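Colleague: I have a new model on my screen and want to read it properly. Can you take me through the fold, one question at a time?

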Amino acid sequence: MNNAAGVCQPENSDNFSAAPLCFLRQNRILAGRHFARCYNAGKRFFSANFILFVLQSPREDGRNAAPEPATWRLGLAVSKKTGTAVTRNRVKRLAREVFRQNQALLPQGMDIVLVPKKNLDPAKLTYDSLKTELLPVFKSLAKTPRKGAPT
(Lines give C-alpha, C1' and ligand atoms only; values in the text may rest on other atoms or scores of the structure.)
Protein backbone atom coordinates (compact mmCIF):
# COMPACT_ATOMS: atom_id res chain seq x y z
CA MET A 1 0.00 0.00 0.00
CA ASN A 2 1.23 3.53 -0.70
CA ASN A 3 1.09 6.22 1.94
CA ALA A 4 0.89 9.96 1.31
CA ALA A 5 4.64 10.24 0.72
CA GLY A 6 4.51 7.61 -2.04
CA VAL A 7 6.46 5.06 -0.02
CA CYS A 8 5.40 1.47 -0.38
CA GLN A 9 4.60 -0.33 2.85
CA PRO A 10 3.55 -3.92 3.55
CA GLU A 11 -0.17 -4.66 3.49
CA ASN A 12 -0.06 -6.10 7.02
CA SER A 13 1.48 -3.46 9.28
CA ASP A 14 1.96 -6.03 12.08
CA ASN A 15 4.43 -8.05 9.99
CA PHE A 16 7.38 -5.80 9.16
CA SER A 17 9.47 -8.64 7.75
CA ALA A 18 7.16 -9.01 4.74
CA ALA A 19 8.54 -7.40 1.61
CA PRO A 20 6.26 -4.79 0.10
CA LEU A 21 4.78 -5.74 -3.25
CA CYS A 22 4.46 -2.45 -5.07
CA PHE A 23 4.75 -1.19 -8.60
CA LEU A 24 5.90 2.38 -8.07
CA ARG A 25 6.70 5.07 -10.62
CA GLN A 26 10.42 4.32 -10.20
CA ASN A 27 9.69 0.81 -11.56
CA ARG A 28 8.23 2.09 -14.83
CA ILE A 29 9.87 3.03 -18.09
CA LEU A 30 7.99 6.07 -19.36
CA ALA A 31 10.31 7.97 -21.70
CA GLY A 32 10.46 7.03 -25.36
CA ARG A 33 14.26 7.29 -25.40
CA HIS A 34 14.48 4.59 -22.71
CA PHE A 35 12.24 2.30 -24.76
CA ALA A 36 14.41 2.96 -27.83
CA ARG A 37 17.59 2.23 -25.88
CA CYS A 38 16.16 -1.16 -24.80
CA TYR A 39 15.07 -1.99 -28.36
CA ASN A 40 18.43 -1.05 -29.89
CA ALA A 41 20.96 -2.24 -27.32
CA GLY A 42 19.00 -4.70 -25.19
CA LYS A 43 19.19 -8.46 -25.19
CA ARG A 44 16.08 -10.28 -26.40
CA PHE A 45 14.36 -13.05 -24.49
CA PHE A 46 11.49 -14.95 -26.08
CA SER A 47 8.48 -16.76 -24.68
CA ALA A 48 5.51 -18.23 -26.51
CA ASN A 49 3.56 -14.96 -26.66
CA PHE A 50 6.00 -12.23 -25.63
CA ILE A 51 9.38 -10.73 -26.43
CA LEU A 52 11.34 -9.13 -23.60
CA PHE A 53 14.00 -6.56 -24.40
CA VAL A 54 16.38 -6.39 -21.43
CA LEU A 55 19.12 -3.86 -20.85
CA GLN A 56 21.21 -3.09 -17.80
CA SER A 57 19.78 0.31 -16.90
CA PRO A 58 22.23 3.17 -17.27
CA ARG A 59 21.94 5.85 -14.62
CA GLU A 60 23.77 8.66 -16.37
CA ASP A 61 20.97 11.22 -16.08
CA GLY A 62 21.24 13.42 -13.00
CA ARG A 63 17.74 12.60 -11.74
CA ASN A 64 18.66 9.01 -10.90
CA ALA A 65 22.18 9.65 -9.62
CA ALA A 66 21.16 9.26 -5.96
CA PRO A 67 23.09 6.68 -3.92
CA GLU A 68 20.00 4.42 -3.66
CA PRO A 69 20.41 1.01 -5.32
CA ALA A 70 19.25 0.75 -8.91
CA THR A 71 15.98 -1.11 -9.26
CA TRP A 72 14.38 -2.94 -12.16
CA ARG A 73 12.09 -0.99 -14.45
CA LEU A 74 9.30 -2.27 -16.70
CA GLY A 75 7.96 -0.83 -19.93
CA LEU A 76 4.92 -2.24 -21.68
CA ALA A 77 4.52 -1.79 -25.44
CA VAL A 78 1.11 -3.19 -26.37
CA SER A 79 0.11 -2.05 -29.85
CA LYS A 80 -3.35 -1.68 -31.38
CA LYS A 81 -2.74 -4.96 -33.21
CA THR A 82 -3.40 -6.67 -29.89
CA GLY A 83 -7.02 -5.49 -29.85
CA THR A 84 -9.28 -2.81 -28.47
CA ALA A 85 -8.27 -0.45 -25.66
CA VAL A 86 -10.02 -2.67 -23.12
CA THR A 87 -8.05 -5.70 -24.33
CA ARG A 88 -4.73 -3.85 -24.40
CA ASN A 89 -5.27 -2.51 -20.88
CA ARG A 90 -6.12 -6.00 -19.63
CA VAL A 91 -2.88 -7.40 -21.10
CA LYS A 92 -0.90 -4.59 -19.46
CA ARG A 93 -2.68 -5.03 -16.13
CA LEU A 94 -1.94 -8.76 -16.07
CA ALA A 95 1.71 -8.21 -17.04
CA ARG A 96 2.22 -5.58 -14.33
CA GLU A 97 0.70 -7.91 -11.76
CA VAL A 98 3.01 -10.80 -12.74
CA PHE A 99 6.04 -8.50 -12.44
CA ARG A 100 4.78 -7.05 -9.15
CA GLN A 101 4.13 -10.44 -7.54
CA ASN A 102 7.45 -11.92 -8.71
CA GLN A 103 9.76 -8.93 -8.33
CA ALA A 104 12.07 -10.89 -6.01
CA LEU A 105 13.12 -12.98 -9.04
CA LEU A 106 14.08 -9.94 -11.12
CA PRO A 107 17.70 -8.80 -11.10
CA GLN A 108 18.24 -5.24 -9.91
CA GLY A 109 19.39 -2.55 -12.31
CA MET A 110 17.59 -3.92 -15.38
CA ASP A 111 15.28 -2.16 -17.83
CA ILE A 112 12.74 -4.60 -19.27
CA VAL A 113 10.38 -3.87 -22.15
CA LEU A 114 7.60 -6.42 -22.67
CA VAL A 115 6.12 -6.67 -26.18
CA PRO A 116 3.30 -9.09 -27.09
CA LYS A 117 3.75 -11.18 -30.24
CA LYS A 118 1.21 -11.15 -33.04
CA ASN A 119 -0.01 -14.64 -32.17
CA LEU A 120 -1.14 -13.59 -28.65
CA ASP A 121 -4.79 -14.44 -28.01
CA PRO A 122 -5.80 -11.96 -25.28
CA ALA A 123 -9.08 -13.79 -24.65
CA LYS A 124 -7.16 -16.86 -23.44
CA LEU A 125 -4.60 -14.88 -21.42
CA THR A 126 -4.94 -15.34 -17.66
CA TYR A 127 -2.72 -14.43 -14.74
CA ASP A 128 -1.71 -18.08 -14.26
CA SER A 129 -0.90 -18.67 -17.93
CA LEU A 130 1.15 -15.47 -18.09
CA LYS A 131 2.97 -16.35 -14.88
CA THR A 132 3.90 -19.85 -16.09
CA GLU A 133 5.07 -18.33 -19.37
CA LEU A 134 7.24 -15.58 -17.87
CA LEU A 135 8.76 -17.33 -14.81
CA PRO A 136 11.30 -19.30 -16.89
CA VAL A 137 12.30 -16.03 -18.57
CA PHE A 138 12.75 -14.40 -15.16
CA LYS A 139 15.01 -17.26 -14.11
CA SER A 140 17.10 -16.93 -17.27
CA LEU A 141 17.36 -13.18 -16.61
CA ALA A 142 18.84 -13.91 -13.19
CA LYS A 143 21.47 -16.17 -14.80
CA THR A 144 22.44 -13.63 -17.46
CA PRO A 145 25.86 -12.08 -16.77
CA ARG A 146 25.74 -8.30 -16.56
CA LYS A 147 28.29 -5.87 -17.92
CA GLY A 148 30.94 -5.01 -15.36
CA ALA A 149 30.21 -8.05 -13.23
CA PRO A 150 33.06 -10.44 -12.49
CA THR A 151 32.85 -13.68 -14.47
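What follows is a set of questions and answers on a predicted model.

Colleague: Start with the sheet. In what order do the strands stand?

Modeller: The sheet is open and its pairing is mixed. From one strand to the next, the twist averages 25°. It has 4 strands, in the order S1-S2-S4-S3.

Colleague: Which strands stand at the edges?

Modeller: Look for a strand with a single partner. Such a strand has one side left without a neighbour in the sheet. Two strands fit: S1, residues 43–46, and S3, residues 73–76.

Colleague: Which way do S2 and S3 run against S4, parallel or antiparallel?

Modeller: Take S3 and S4 to begin with. They are joined by 4 bridges and run parallel; there, Leu76 stands opposite Leu114. On S2, Leu52 also stands opposite Leu114 in S4. S2 and S4 are joined by 7 bridges, and they run antiparallel.

Colleague: How many residues of S4 are buried?

Modeller: Check each face of the strand. On one side, Met110, Ile112, Leu114 and Pro116 are buried. On the other, Asp111, Val113 and Val115 are buried. The count is 7 of 7.

Colleague: Asp111 carries a charge. Which side chain meets Asp111 in a salt bridge?

Modeller: Asp111 is buried, with a relative accessible area of 0%. Its bridge partner across the strands is in S3, 38 residues apart along the chain. That partner is buried too, at a relative accessible area of 7%. The side chains meet at 2.8 Å, N to O, and the residue is Arg73.

Colleague: What other pair forms a salt bridge?

Modeller: The whole structure holds 2 salt bridges. The other one lies within helix H2, between residues 3 apart, about one turn of the helix. One of its members, Glu97, is partly exposed, with a relative accessible area of 27%. At 2.7 Å, N to O, the pair is Glu97 and Arg100.

Colleague: H2 also holds Arg88. How far away is the nearest side chain of opposite charge?

Modeller: Arg88 is buried yet has no salt bridge. Beyond its neighbours within four places in sequence, it is in contact with Val78, Ser79, Lys80, Thr82 and Gly83. A salt bridge needs nitrogen and oxygen within 4 Å. The nearest side chain of opposite charge is Asp121, and the distance is 14 Å.

Colleague: Now H1, residues 32–41. Which of its residues are buried?

Modeller: Gly32, Arg33, Asn40 and Ala41 are exposed, on the other side of the helix. The buried residues fall within an arc of 105° seen down the axis, so they line one face of H1. What covers them includes S2, S3 and S4. They are His34, Phe35 and Cys38.

Colleague: Stay with Phe35. What is its relative accessible area?

Modeller: Phe35 sits in H1. Outside its neighbours within four places in sequence, its contacts are Ile29, Leu30, Gly75, Leu76 and Val113. Its C-alpha atom is 8.8 Å from that of Ala77, 42 residues apart along the chain. Under 20% counts as buried, and Phe35 is buried at 15%.

Colleague: Last one. At about what angle does H3 run to S2?

Modeller: H3 covers residues 127–143. The helix lies across S1, S2 and S4. Against S2, residues 50–56, the angle is about 30°.

Notes
Residues numbered from 1 in each chain as written. Predicted model: local features only at pLDDT ≥ 70, side-chain atom pairs only at ≥ 80, totals over all residues. Heavy atoms only, no water. Pairing = 2+ DSSP bridges. Axes fitted to C-alpha atoms, helices over the stretch in contact; angles between N-to-C directions. Contact = heavy atoms within 4.5 Å. Buried < 20%, exposed > 50% of the residue type's maximum accessible area, 1.4 Å probe, protein only. Lys, Arg positive; Asp, Glu negative; His and termini not counted. Arc of directions from axis to C-beta.
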